[in-house]
Amino acid sequence: MAEVINMPRLSDTMEEGTVASWLKKVGDKVEEGDILAEIETDKATMEFESFNEGTLLHIGIQEGETAKVDTLLAIIGDEGEDISGLLNGNTSQTKEAKEEKIEATTQEAPVSSSTEEVLSSNSEELPEGVIVVTMPRLSDTMVEGTVATWLKKTGDTVEEGDILAEIETDKATMEFESFQSGTLLYVGLEEGDSAKVDSLLAIIGPAGTDVSSIAKNFKMEGASTKKEVAPKLDTPKVETKPEAPKQQAQTSVSNSDSTSNSSGRLFVSPLAKKMAEEKGIQLNQVKGSGENGRIVKRDIENFIPFTTATVSTAKFVPTGQEDYDEVPNSNMRKAIAKNLAKSKFTAPHYYLNVEFDMENAIAFRAQYNSIPDVKISYNDMIIKACALALREHPQVNSQWFDDRMQLNNHVHIGVAVAVPDGLLVPVVKFANEQSLPQIGAAVREYAGKARNKKLSLDEMEGSTFTISNLGMFGIESFTSIINQPNSAILSVGAIIEKPVVKNGQVVAGNTMKLTLACDHRTVDGATGAQFLQTLKGYIENPVTMLV
């Protein structure tokens, strides 16, 4: 009897998949365990194996096409078996899948032939060989992208696999390659422009093809291009307001100042005006020597300020103006704002503060670094200690879902790294199994990639616990917002030398303050406290981490 195979859910966040390639074709024999196809999910391209035996009778989703989870993918049965009943029974389902595919296509596959279907069905027939390239979804949380750099320009020949552009997502700047060959006929976004996923990015086709009507008629709901920034044109209204006091001040001295004409206007050369601004000279105090009393360069150079007595009695006239710079929010900054606001207002945070004695840790690090070609940091020691402590307290190494808690047996520690645009969190995977030098090497590599925006999605996903260290900036203690779906984040302060009490006597010591932010839905107060006690044992006696 024929079996219907639907689009599988290959990750916990997967809602739809794209068939990257079929490894079987209609009519092929299929054994249980054979790889049917490679399916691109929201996280990776994965092999999908068959759990049935028989003949591949029907393929419902072609290579490059995207469909929702549970959409008809294939039918396996006996050779020659009549499957018309199954196909008719799934007519409504496949019809719905095709309608959804119009919206879903290019979310995972940056360019596909279904883009052509969208345009042809909604507007006009595309000329032969013309392909519309839309803004791809290059990360699982990407809503819009910014064109950082075009590596091809209009009129250039494009081969399949060529890098078209570098696109800034909410996580990194990534290269976007072409899946078609032809000539770049049209560029829909200039460098620096932002647009929603699926907005018009470019058009590729045979040289000389007129695509102006295609570009003009292309409409994708939710597109956000430079036109959305139009309200910025209103800002001169704000900037011109502060000019009023300046003009009033100039007009008020017009009757007594020889540098102005009968209408009160000052005549100033551009160079003289710039020099006056740089030197802080008020132009209404300068007597012009040029035509019609025009203030010129030599007047500014030879200007002698009034005496102290005169200045002290003169009315203050501001030379500056209220001003500000506008910095558009990057995709990374928008993502940080969205994710942290969601965490802060959905997860009930509470905080546990501790202070550790760092004398043994300092001595341990000095001895460890005396080994040739070995260098570890305090941060490496903290990562290792947290990883070991989390193995003993899986409740802290957990995630919250509406219907369950997931207690992770593996330890993947996210390390917050500051970058110019905001914050990235690369993940040291299986940190409890790595040595201190291995952890140090991994963190240095990820930090370099983060600052250069070269981290891959795989290197930023899957954390079960996060560490944020501001000790190198001299911060003694602080609190952090939980990096969901983690249940906790550890804030690490600086090592401070101060008087401490030991054996009833006040002596010089070194301490470090840490703050554990916990999600009360998964981590109770006593559980968090027990984790910190275990962590204290490893930090204050670091040799135990090597046992």
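**Close-up views of a predicted model**

Met405 counts as partly exposed, at 38% relative accessibility. The model shown in every view is predicted.

**View 1. A nonpolar patch at the surface includes Met405.** Met405 belongs to strand β19, residues 404–407. Trp400 and Leu407 join Met405 in the patch. Together the three residues offer about 260 Å² of accessible area. For Met405, the relative accessibility is 38%.

**View 2. Four strands form an open sheet in the order β9-β16-β14-β11.** The pairing is antiparallel. Strands β9 (131–134) and β11 (157–158) stand at the edges. Each edge strand has a single partner, so one side of each is left without a neighbour in the sheet.

**View 3. Strand β9 pairs with β16 at one end of the strand order.** Strand β16 spans residues 200–205. Four bridges hold the pairing, and its sense is antiparallel. One bridge can be followed by residue: Val133 has Ala202 of β16 as its bridge partner.

**View 4. Strand β14 sits between β16 and β11 in the sheet.** Strand β14 covers residues 182–187. This strand is mostly covered, with five of its six residues buried. Towards β16, four bridges join the two strands, which run antiparallel. Tyr186 is bridged to Ile203 of β16. Towards β11, the antiparallel pairing has two bridges. Here Val158 has Gly182 of β14 as its bridge partner.

**View 5. A salt bridge joins Lys453 and Glu168.** The closest N and O atoms are 3.9 Å apart. Lys453 lies in the loop between α13 (436–451) and β24 (465–469), and Glu168 lies in strand β12 (residues 163–168), so the pair ties together parts that are 285 residues apart in sequence. Glu168 counts as buried, at 14% relative accessibility. A search of the whole structure finds 17 salt bridges, and the pair of Lys453 and Glu168 meets in a salt bridge.

**View 6. Asp357 and Lys502 meet through their side chains in a salt bridge.** The N to O distance is 3.4 Å. This pair links distant parts of the chain, 145 residues apart. Asp357 is in strand β17, residues 349–357. Lys502 is in strand β25, residues 488–502. Asp357 is partly exposed, with a relative accessible area of 27%. Lys502 also counts as partly exposed, at 31% relative accessibility.

**View 7. Helix α13 carries a salt bridge between Glu445 and Lys449.** The closest N and O atoms are 3.5 Å apart. The two residues are four positions apart, about one turn of the helix. Glu445 is partly exposed, with a relative accessible area of 43%. Lys449 is partly exposed too, with a value of 25%. A network of salt bridges links Glu445, Lys449 and Glu459.

**View 8. Cys386 and Cys518 are buried cysteines.** Cys386 has 0% relative accessibility. Cys518 has 0% relative accessibility as well. A disulfide is a covalent bond between the sulfur atoms of two cysteines. With a cut-off of 2.5 Å between cysteine sulfur atoms, the count comes to zero disulfides.

**View 9. Gln484 and Pro485 are joined by a cis peptide bond.** Omega is about 15°. Pro485 is placed in the loop between β24 and β25. Most peptide bonds are trans.

**View 10. Asp70 has a positive phi.** The value is near 80°, in a residue other than glycine. Most residues other than glycine have a negative phi. Asp70 lies in the loop between β7 (66–68) and β8 (72–77). At 48% relative accessibility, Asp70 counts as partly exposed.

**View 11. Phe430 also has a positive phi.** Here phi is near 50°, again in a residue other than glycine. Phe430 is found in the loop between β23 (427–429) and α13. Phe430 is partly exposed, with a relative accessible area of 39%.

Key
Residues are numbered from 1 along each chain as its sequence is written. This is a predicted model: local features need pLDDT of at least 70, side-chain atom pairs count only at pLDDT 80 or more; totals for chains, interfaces and linings use all residues. Side-chain values use heavy atoms; hydrogens and water are left out. Two strands pair if DSSP finds at least two bridges between them. Buried means under 20% relative accessible area, exposed over 50%, partly exposed in between (1.4 Å probe, protein chains only). A salt bridge is a side-chain nitrogen of Lys or Arg within 4 Å of a carboxyl oxygen of Asp or Glu. Patches are made of residues with over 30% relative accessible area and no salt bridge: like charges are joined within 9 Å, nonpolar side chains (Val, Leu, Ile, Met, Phe, Trp, Tyr) within 5 Å. Accessible areas come from the Shrake-Rupley method with a 1.4 Å probe; for residues, only the protein chains shown count as cover.
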